[in-house]
Amino acid sequence: MSVIPNGVIRIEEGIDSNKFVIATYLMQGEPQEDALARAVSMAVEQTVGRGIFDMPEMLSLLEARGAKVLSYFAVPDHESRVTERGTDWTRYIVRIAYPVENTAFQIPMVLNNVMSDICLGGMLKLVDLVLPACFVDAFKGPKFGAEGIRRITGTLENRRPLTCTILKPCVGMQAKSAAEIFYQHALGGADFIKDDENMSYWGDMTIEDRVKAVMEAERKAFEKTGEHVTYLCNVSDKPDRMIENALRAVEAGASGLMLTPLTTGIGALQMLAEHPDLNVPVFAHPGGLGATSWSPDFGISEHIYISKLFRLAGADMVAIPVPYGKFTHRRDKFIKMFKLNGSPMRQIKTIFTQTGGGVNPINAYTAIQDIGNDVMMVAGGAIQEHPMGMVAGIRALRQSIEAYAAGVPLEEAAKQHEELRSAYQKWCSTK
């Protein structure tokens, strides 16, 4: 693009910020690359399309609906050609404003606008997305949100961290076996028990059988503990079947739902969350997040999905992997997303954060030290692998949480509780 058309480049103060979605990219190229021309090409490609400059009658459309390049600069920000000699490539921060009316006020089209064809043009990662007030106001967001989850669990006053366990084996488990495991976890004191994201239904395995069996187990456990447990039933499927799955699950007694929006589509999450006959909390599992976000050079930064788009679409709970478990998640990113999930977003409710991925009673204490009480600790394998059994596994997790709340060092608390002591002996070397 030898000649940059008028109207494509603007300083930010020269636009009405409530009329644009502002995307920030990390772009990589060779030092001699014309970064401005590439940025302008991106703006044109994602809105009016190339070739418009040969159509004079369409130039007014460029001004009205074309994206605007707000800024671009190298990192480091070289001002002199001399200082960049010897480098093989240069990174750039590029900020582009897309007219909000191009999005039709829907999440799938926002993603099309900011990352469709241009993600095939070289190293490019979307690292932030600022949505204008008029766009956010078009969404209902979560039905329950963080405070709704507190009401469900009866923890509005004591504000303790919550617990969640996972029904394992992940796949193929018949209703009776699932109910038996659910019962053990409920006796131990789980607040939520969820399916694995890989759990699906086929052949003689039906969602009604599983839900009815586990909710009967929940009733029996409540008679002994006096505490209810919310069951998050996985309904991930094709969008048309997902609503059917959800309605069948709720009719059978499910007290919560879960899905994987990165595989089913974020629009499918919104469809589920806004359905008038599904008045139960919805959990958005981040299955596929590493593939879409964890490259430093490509994709979309995870907080855009987890803390903005999932929340807008109506998730009441979202999960982020802990940096102390089996995944390689950065601690600063973990804390950042946790804080964003609890930050104001106009009329959209805050959301409850689940943390999992190798959580056990030892590193759970560390996690709560980093992020505080408004968290749901999710443990799967650690419950199954506890030396004293599953009931002891969830009790040890509760004891770890209660020790933190009481200001008791974990090592001291382990001396007071047999279940936590056994967990400490098993996992303390990996805390």
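Q: What makes Lys 426 count as lying over the face of Trp 427?
A: A charge sits over a ring if NZ of Lys or CZ of Arg is within 6 Å of the ring centre and within 35 degrees of the ring normal. Lys 426 is at 5.4 Å from the ring centre of Trp 427, so the distance satisfies the limit of 6 Å. The model is predicted, local features need pLDDT of at least 70, side-chain atom pairs count only at pLDDT 80 or more, and totals for chains, interfaces and linings use all residues. Residues are numbered from 1 along each chain as its sequence is written, and side-chain values use heavy atoms, with hydrogens and water left out.

Q: Why is the aromatic pair of Phe 135 and Phe 139 called stacked, edge-to-face or tilted?
A: Rings of Phe, Tyr and Trp (its six-membered ring) pair if their centres lie within 6.5 Å; planes under 30 degrees apart are stacked, over 60 edge-to-face, and the rest tilted. Phe 135 and Phe 139 have centres 5.0 Å apart and planes at 45°, so the pair is tilted. Together with Phe 105, these two residues form one aromatic cluster.

Q: How do you know whether Phe 139 is buried or exposed?
A: Buried means under 20% relative accessible area, exposed over 50%, and partly exposed in between (1.4 Å probe, protein chains only). Phe 139 has 4% relative accessibility and therefore counts as buried. Phe 135, at 0%, is buried as well.

Q: What kind of aromatic pair do Phe 182 and Tyr 231 form?
A: Their centres are 5.9 Å apart and their planes make 90°, which is edge-to-face. Phe 182 lies in helix H6 (residues 175-188) and Tyr 231 in strand E7 (residues 230-234), so the pair ties together parts that are 49 residues apart in sequence. Helices (H or I, at least four residues) and strands (E, at least two) are DSSP runs, numbered from the N terminus. Phe 182 and Tyr 231 are both buried.

Q: Why are E2 and strand E3 said to pair?
A: Two strands pair if DSSP finds at least two bridges between them. Seven bridges join E2 to strand E3 (residues 90-99), so the requirement is met. The two strands run antiparallel, and Ser 71 stands opposite Arg 95 in E3.

Q: With which residues is Ile 368 in contact, leaving aside its neighbours within four places in sequence?
A: Contact means heavy atoms within 4.5 Å. Ile 368 meets this with Pro 161, Asn 373, Val 375, Met 377, Ile 401 and Tyr 404. Ile 368 is found in helix H14 (residues 361-371), and its 0% relative accessibility makes it buried.
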